[in-house]
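Please open the model in your viewer and follow the selections below in order.

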Amino acid sequence: MMIAAGGTGGHVYPAIAVAEAINAHHPDVKLTFVGSVGGFERPLLDEADLKFDHYAEVYAGPLHGVGVLRASVSAAKLIVGTMQALWLVARQRPRALFLTGGWVGWPVALASWLLRVPSLIYLPDIEPGLAIKALRPFVTRVATTTDASAVYFRPGQTVTTGYPLRRSMQTATRAAGIAHFQLDPAKRTLLVFGGSRGARSINNAVIEIVPQLLAEGVQIIHLTGTLDWEQIAARREQLGDGCDDYHAFPYLHEDMALALASADLVVCRSGASVLGELPLFGLASVLVPYPYAWRYQKVNADYLVERGAAVLMRDEAMPDELLPALRGLFGDPARLAAMHD
């Protein structure tokens with residue numbers, strides 16, 4: 001079996017979850033993983049306890065939300081990547097292909113379609129992005145997180161499976177998370193994150209209100225992402241004494257499950273993972289959709305907001321509205337409990 005995933009953690013982590021399940025229940029199945037040249041998939045796979053019989057990379061790049069020059073370069077990469085994928089699929093002869101989105105899926109799916117390999121694509125978001133939309137004619141079936149995604153595909157093409165969750169997510173407990181991060185079980189915990197590279201606007205808004213939150217008895221786990229880590233680490237030093245309850249990290253991998261398990265409230269973007277990981281832990285959230293991309297993050301956020309599990313906040317509103325929103329939620333235990341349910 002061949003698995004292709006890349007682009008974001010929201011694509012790679014569901015692929016890891018599926019690979020874990022295959023390893024556990026069908027250890028005789030040989031797995032090949034296909035990532036993108038220069039992508040960040042390989043380090044994530046290396047950190048996971050997984051058995052892959054083969055790892056390969058093909059060229060790919062985005063066509064949507066980028067300038068003309070980059071789109072032209074991406075188009076050339078996709079052509080080369082398709083030739084690489086044809087050779088790879090012809091050589092490996094997988095019995096099936098599993099995709100989770102990202103542009104790396106395009107050359108692999110096209111090659112598999114040409115060589116008559118059946119394929120299943122998993123859509124982590126509610127609304128498909130351009131890459132998955134382009135793949136619709138070439139894949140056999142589409143697995144979706146919710147029934148709301150069916151309208152984007154031809155009748156009978158989708159099957160609702162829910163969000164695949166890694167083993168570490170399914171086994172994490174609140175007690176283990178509190179112990180791991182050395183938290184005070186009597187205090188409320190705020191978890192803040194913006195993805196592997198981070199979300200600068202969220203980081204800047206949160207670091208400004210850390211003193212007020214700490215003074216009000218809130219402890220914070222802040223995942224800054226790799227891009228802003230040095231800046232936020234320096235700001236933390238400037239806070240001086242009294243910030244022991246502010247725990248900042250550039251990124252967490254397996255420990256992310258423990259951070260989610262220990263949290264009472266989350267501030268984050270609304271990428272695909274919020275549809276699986278936040279409901280798993282029954283977490284209330286303030287969701288801040290990324291404003292400079294296609295609307296899929298807004299659609300994800302609206303889905304949770306409509307079900308009473310989240311509060312929606314505009315990116316540009318955070319400097320003025322984030323602290324009052326957090327105070328309002330922490331100050332209303334009944335509302336917070338209802339959001340958890």
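Select first the 18 residues that line the second largest pocket; Leu278, Pro279, Leu304, Arg307 and Ala309 lie nearest its centre. A pocket here is an open set of points on a 1 Å grid over the protein atoms alone, where a 1.4 Å probe fits, with protein on both sides within 12 Å along at least five of seven lines; lining residues have an atom within 4 Å of a point. Colour next α11 (277–280), α12 (296–306) and α14 (333–340), the elements that each give two or more residues to this lining. Helices are DSSP runs (H or I, at least four residues) numbered from the N terminus. The largest share, three residues, comes from α14. Coloured by class, the lining shows 10 nonpolar, six polar and two charged residues, where Ala, Val, Leu, Ile, Met, Phe, Trp, Tyr, Cys and Pro count as nonpolar, Asp, Glu, Lys and Arg as charged, and the others, Gly among them, as polar.

The model is predicted: local features need pLDDT of at least 70, side-chain atom pairs count only at pLDDT 80 or more, and totals for chains, interfaces and linings use all residues. Residues are numbered from 1 along each chain as its sequence is written, and side-chain values use heavy atoms, with hydrogens and water left out.

Move now to Val80, in helix α3 (residues 68–92). Val80 is partly exposed, at 42% relative accessible area (buried is under 20%, exposed over 50%, partly exposed in between; 1.4 Å probe, protein chains only).

Finally, select Gln231 in helix α9 (residues 229–239). Gln231 counts as partly exposed because its relative accessibility is 36%. Add Asn204: its C-alpha atom is 9.7 Å from that of Gln231, although the two are 27 residues apart along the chain.
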